[in-house]
Amino acid sequence: MDAVQDPIIPVIGDWIRQVPGTISLGQGVVHYGPPGAALEAARAALNDPATHHYQNEAGLPPLVERVGAKLRRENGIDMAEGSRVMITAGANMAFMHAILAVTEPGDEIVLPVPFYFNHAMAIEMAGCRVVTVPTDGRYQLRLDAIRRAISDRTRAIVTVSPNNPSGAVFSEPSLREVNALCGERGLYHLADEVYEYFTYGAARHVSPGSFANAAAHTISMYSLSKAYGFAGWRIGYVVYPEHLAAAMMKSQDTILVCPPVISQIAAAAALDVGRAYCAPHVRELSAIRDIVVEELSALAPLGEVAAADGAFYCLLNVHTGMSPLALAERLIREHRVAVVPASAFGMTGGCALRVAYGALQKETVAAGIGRLVTGLREILANPESQIPNPGMEAP
């Protein structure tokens, strides 16, 4: 555990608490809550004695049924082709289960950079090794790099699309190539699709589990945290091959026993409302994204931001010799705006920051991004103030 990186969000959160009035562009949350129908279902469940007892380890049958229907309708994944569904306490738990199910200590997992830091942490906690591979200038997958990274100890390749932290939406051809490569080499394709609804412009999300012959080697992870404003309810789900059922159930029973019952009841009601609940919020975020990218692009030549066609993040590359962690702390303490250093996502060269705009509304986006732009201009205008703090190390 000492070798596992410290989670960065609690560090940023602690600094925010020390500076009242800070606008957070840090944690990946949305500004809206669950559908009213989900809240009503949860209230009604309080009077049912079954709510307060252990239930099916894999999830309440009504919720599993709704998830299966959603997967067929929206993702093109048919459970009859040799897959199972498990309800989990969020997609992070789904990923942990998958890693424990498919690896032995010393195995390797391929992560394109930038990666989601909790994925790297889970891999290391399982006694396995993270093998990072670069992406291109638009943070798209590089199949040549992925192929070179595969060894005799490789067990899986991870993709996150739409991507946290870059906001990139991986192309369907590249995802097909990764999935086919996994099938050819006897590897698992771990597909994190938490931000599936959050795409903008012409970008479209595609589920690798829908590809022909993918079911036997594809593990797909989803969550209600973003689309349905369910972050605190901790409900996700995972689709995995039938042959992993025993291993997945061992992990679920040991870590969780069963997902929180009242959260599952609320989740079933949310899925009844469906994707239409998320659609207007995605349209609003699309407009906010345009403002964020436009304002950050105005920082050139002090920094640049890549196009972000999905999720609610973008990566800002800042031209400075400062460490991203030191810069993030100064932005909080001196300018009351929080971002996350991209070093936490495996970006070790240069200084990059992840800017999250999901929690912003139109009335707050100008203030938050304004503080960020003003703060960076002031900090970067003074070369002496950019000397890296030797007492600080990126996580």
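**Cavities, cores and local features of a predicted model**

The second largest cavity is lined by Lys70, Glu196, Tyr197, Tyr222, Ser223, Leu224, Ala227, Tyr228, Tyr237 and Leu271. On a 1 Å grid over the protein atoms alone, a cavity is a set of points where a 1.4 Å probe fits but cannot get out, and lining residues have an atom within 4 Å of a point. The model is predicted, so local features need pLDDT of at least 70 and side-chain atom pairs count only at pLDDT 80 or more, while totals for chains, interfaces and linings use all residues. Residues are numbered from 1 along each chain as its sequence is written, and side-chain values use heavy atoms, with hydrogens and water left out.

The volume of the second largest cavity is about 50 Å³, where a volume is the space filled by probe spheres set on the points, and grid points are joined across faces, edges and corners. Its lining divides into seven nonpolar residues, one polar and two charged. In this classification Ala, Val, Leu, Ile, Met, Phe, Trp, Tyr, Cys and Pro are nonpolar, Asp, Glu, Lys and Arg are charged, and the others, Gly among them, are polar.

The structure holds two cavities of 30 Å³ or more. The largest cavity contains about 60 Å³ of space. Its lining consists of Leu111, Pro112, Pro114, Phe115, Tyr116, His119, Val158, Thr159, Val160, Asn163 and Phe170. By class, eight of these are nonpolar, three are polar and none is charged. Strand 3 (108–113) and strand 5 (154–160) each supply at least two lining residues, and strand 5 has the largest share, with three. Helices (H or I, at least four residues) and strands (E, at least two) are DSSP runs, numbered from the N terminus.

Open space is treated separately: a pocket is an open set of grid points with protein on both sides within 12 Å along at least five of seven lines. The largest pocket holds about 430 Å³. Its lining comprises 23 residues, and Gly28, Asn92, Tyr116, Asn118 and Lys226 lie nearest its centre. Helix 1 (8–18), helix 4 (91–102) and helix 5 (117–125) are the elements that give two or more residues to this lining. The lining has 12 nonpolar, seven polar and four charged residues. Tyr116 thus appears in the lining of the largest pocket and in that of the largest cavity.

The largest nonpolar core has 72 residues, and Ile157, Leu190 and Ile219 have the most contacts inside it. Helix 4 gives the most to this core, with seven residues. A nonpolar core is a set of buried Ala, Val, Leu, Ile, Met, Phe, Trp, Tyr and Cys residues joined through side-chain atoms within 4.5 Å. Buried means under 20% relative accessible area, exposed over 50%, and partly exposed in between, with a 1.4 Å probe and protein chains only. Beyond four places in sequence, Leu190 is in contact (heavy atoms within 4.5 Å) with Phe95, Ala98, Ile99, Ala156, Ile157, Val158, Thr159, Ile219 and Met221.

Apart from the largest core lies another, of 69 residues, among them Val30, Ala42, Ile288 and Leu372. Ala42 lies in helix 2 (residues 36–45) and is buried, with a relative accessible area of 6%. Leaving out neighbours within four places in sequence, Ala42 is in contact with Trp233, Ile262 and Ala266. Ala42 and Ala191 are 149 residues apart in sequence, and their C-alpha atoms are 30 Å apart in space.

Several loops have backbone features of note. The loop between strand 5 and helix 7 (172–185) contains Pro162 and Pro165. The peptide bond from Ser161 to Pro162 is cis, with omega near -10 degrees, and a cis bond also joins Asn164 and Pro165, with omega about 25 degrees.

Two residues other than glycine have a positive phi: Asn213, near 65 degrees, and Ala311, about 55 degrees. Asn213 lies in the loop between strand 6 (188–192) and strand 7 (218–223) and is exposed, because its relative accessible area is 73%. Ala311, in the loop between strand 9 (303–305) and strand 10, counts as buried because its relative accessibility is 0%.

Ser323 is in the loop between strand 10 (313–318) and helix 11 (324–335). At 18% relative accessibility, Ser323 counts as buried. Its side chain reaches the backbone nitrogen of Ala326 at 3.0 Å.

How values were computed:
Polar contact = N/O pair within 3.5 Å; in protein donor to acceptor, adjacent residues only side chain to side chain.
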